[in-house]
Amino acid sequence: MSLVFSILDIFLFVILGVMTLYLFVFAIASLKKRNDPSPTDVDPKKFAVLIPAYKEDTVIMDCVSSCLQQSYPGDMYEVVVIADGMKPDTLSRLSSLTLRVIEVTFEKSTKAKALNMALGQLSGFDAALVLDADNIIEPLFLQRLNAAFLSGAKVVQAHRIAKNQNTDLAVLDAVSEEINNSIFRKGHVNLGFSSALIGSGMAFEFSEFKKTMAEIYAVGGFDKELEHTYFLKGIKIHYLQNAFVRDEKIQRSDDYSKQRRRWISAQFTYLLRFLPHLPEQLLKGNRDFCDKLFQMALLPRIMLLGGLFFSTFFFCMVSFSIGLKWIFLSAILIFSLIISVPRELVNRQLCTSILAIPSVFFLTLKLFFKLKGANKEFIHTHHG
């Protein structure tokens, strides 16, 4: 094999290999069982349930209904809908319920702006729960969060699962979410690291959250900025495996493109923004911050999977003996992903949806050429 192919082989193998082994280690760690604190409403914390809703008339009523049906003292939590661009009929229906509606209007709407506007009007709470307007929570949800805060947690990420699996994209999105839960949440917590945030189903100690959010001006990916900011303060993020938040999964390719373009842009934006802090945090031994920066440098899994497939095929064609190590590396990645998927999602529908992976890969690949300006504009994903 020529020198050029040898250098290319080594370079790609090291880069993709490090990413694969990172996922493998935390996927294995996620197999260890762990127990959440038992749900309780004894010594209840007072929660503000914050629901930023931008033109979410279709799904908001189901969300608030689940919030109002909590097995938790009614005087110890308040549902707050931050309504941006909602229809008058929806606002009227919301106003008839036992909740607070805060209407907001911005020239350029963002979730961070909506939350800061609401937080500026709220006081007297112990904790804040942030939900998306399409989320549905179980009746014991606040009890589970209360137990976590009583045990000393300052930030908690709940277990977000799929609300729908009605298209191939929705199935793949549901599986992707659970792989994230296994690797970046349960696996991390099992090895003593912080959990990753998702953007909803997140709960925070109120006063610190209010102060931290005042520093957040993100257009997209505000949860990424939150993570880094909390880690710089030395605050850990806990994970509740049995506190379930049902979340609507992407059903159409145009919504997938909007969502992933926003996510990928935010990933690299905050990698570059917080990278200058790395030397100082390394010296301080802040492994949560350093680990989060490494996560930001990872390729999206669909790109890693596609990259390994094409690299394996190419180097096997050049030299099968060289390609063997690529086959082994691909097998490690596939094994890591398989063990990260809950058994209840492994069914005939998943097998059928897997056929859509190549088209999703090329759809994602195209997004890398459309990232310009994505983190400077609010990109709304349709729900319902």
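**Strands and helices: the reasoning behind the labels**

Modeller: Val156 stands opposite Ala203 in β7, and I should say at once that this is a predicted model.

Biologist: What makes β6 and β7 count as paired strands?

Modeller: A pair needs at least two bridges between the strands. β6 and β7 are joined by 3 bridges, so the requirement is met and they count as paired, running antiparallel.

Biologist: What makes β4 and β7 a pair, and in which sense do they run?

Modeller: Again the cut-off is at least two bridges, and β4 and β7 share 4 bridges in the antiparallel sense, with Glu205 in β7 serving as the bridge partner of Ala127.

Biologist: In which sense do β1 and β2 run, and how many bridges join them?

Modeller: Strand β1 (residues 47-54) and strand β2 (residues 77-84) run parallel and are joined by 8 bridges. One of the matched positions is Pro52, whose bridge partner in β2 is Ile82.

Biologist: Why are β3 and β5 said to stand at the edges?

Modeller: The open sheet has 8 strands in the order β3-β2-β1-β4-β7-β6-β8-β5, and its pairing is mixed. β3 (100-104) and β5 (136-137) each have a single partner strand, so one side of each is left without a neighbour in the sheet.

Biologist: Which strands does helix α5 lie across, and how is α5 set relative to β8?

Modeller: Helix α5 (residues 141-150) lies across β1, β2, β4, β5, β6, β7 and β8, and runs at about 160 degrees to β8 (238-247). An angle over 145 degrees counts as roughly antiparallel, so that is the word for α5 against β8.

Biologist: Turning to helices, what makes the relation of α1 to α11 oblique rather than perpendicular?

Modeller: The axes of helix α1 (residues 3-29) and helix α11 (residues 287-297) come within 11 Å and cross at roughly 125 degrees. Roughly perpendicular covers 65 to 115 degrees and roughly antiparallel begins over 145; the crossing falls in neither class, and α1 and α11 are therefore oblique to each other. The crossing in which α1 passes α11 is left-handed.

Biologist: Which residues of α1 and α11 meet there, and how do they divide by class?

Modeller: From α1 come Val18, Met19, Tyr22 and Phe26, and from α11 come Asp291, Phe294, Gln295 and Ala297. By class, these residues divide into 6 nonpolar, 1 polar and 1 charged.

Biologist: What is the relation of α6 to α9, and how do you know?

Modeller: Helix α6 (residues 168-190) and helix α9 (residues 253-274) pack at about 30 degrees, with their axes 11 Å apart. Since the limit for roughly parallel is under 35 degrees, α6 is roughly parallel to α9. Leu169, Asp173 and Ser176 in α6 meet Ser253, Tyr256, Gln259 and Arg260 in α9, and this contact has 2 nonpolar, 3 polar and 2 charged residues.

Biologist: Is Arg260 buried or exposed, and what does Arg260 touch?

Modeller: Arg260, in helix α9, has a relative accessible area of 10%, and because buried means under 20%, Arg260 is buried. Not counting residues up to four places away in sequence, Arg260 touches Asp173, Ser176, Ile250 and Leu367.

Biologist: Why does Thr364 count as buried?

Modeller: Thr364 is found in helix α15 (residues 357-367), and its relative accessibility is 1%, which is under the 20% limit, so Thr364 counts as buried. Leaving aside its neighbours within four places in sequence, Thr364 is in contact with Tyr256, Ile264, Ile302 and Met303.

Definitions and conventions:
Residues numbered from 1 in each chain as written. Predicted model: local features only at pLDDT ≥ 70, side-chain atom pairs only at ≥ 80, totals over all residues. Heavy atoms only, no water. Axes fitted to C-alpha atoms, helices over the stretch in contact; angles between N-to-C directions. Helix = DSSP H or I, 4+ residues; strand = E, 2+ residues; numbered from the N terminus. Left-handed = near helix turned anticlockwise from the far one by under 90°. Contact = heavy atoms within 4.5 Å. Nonpolar A, V, L, I, M, F, W, Y, C, P; charged D, E, K, R; others polar. Buried < 20%, exposed > 50% of the residue type's maximum accessible area, 1.4 Å probe, protein only.
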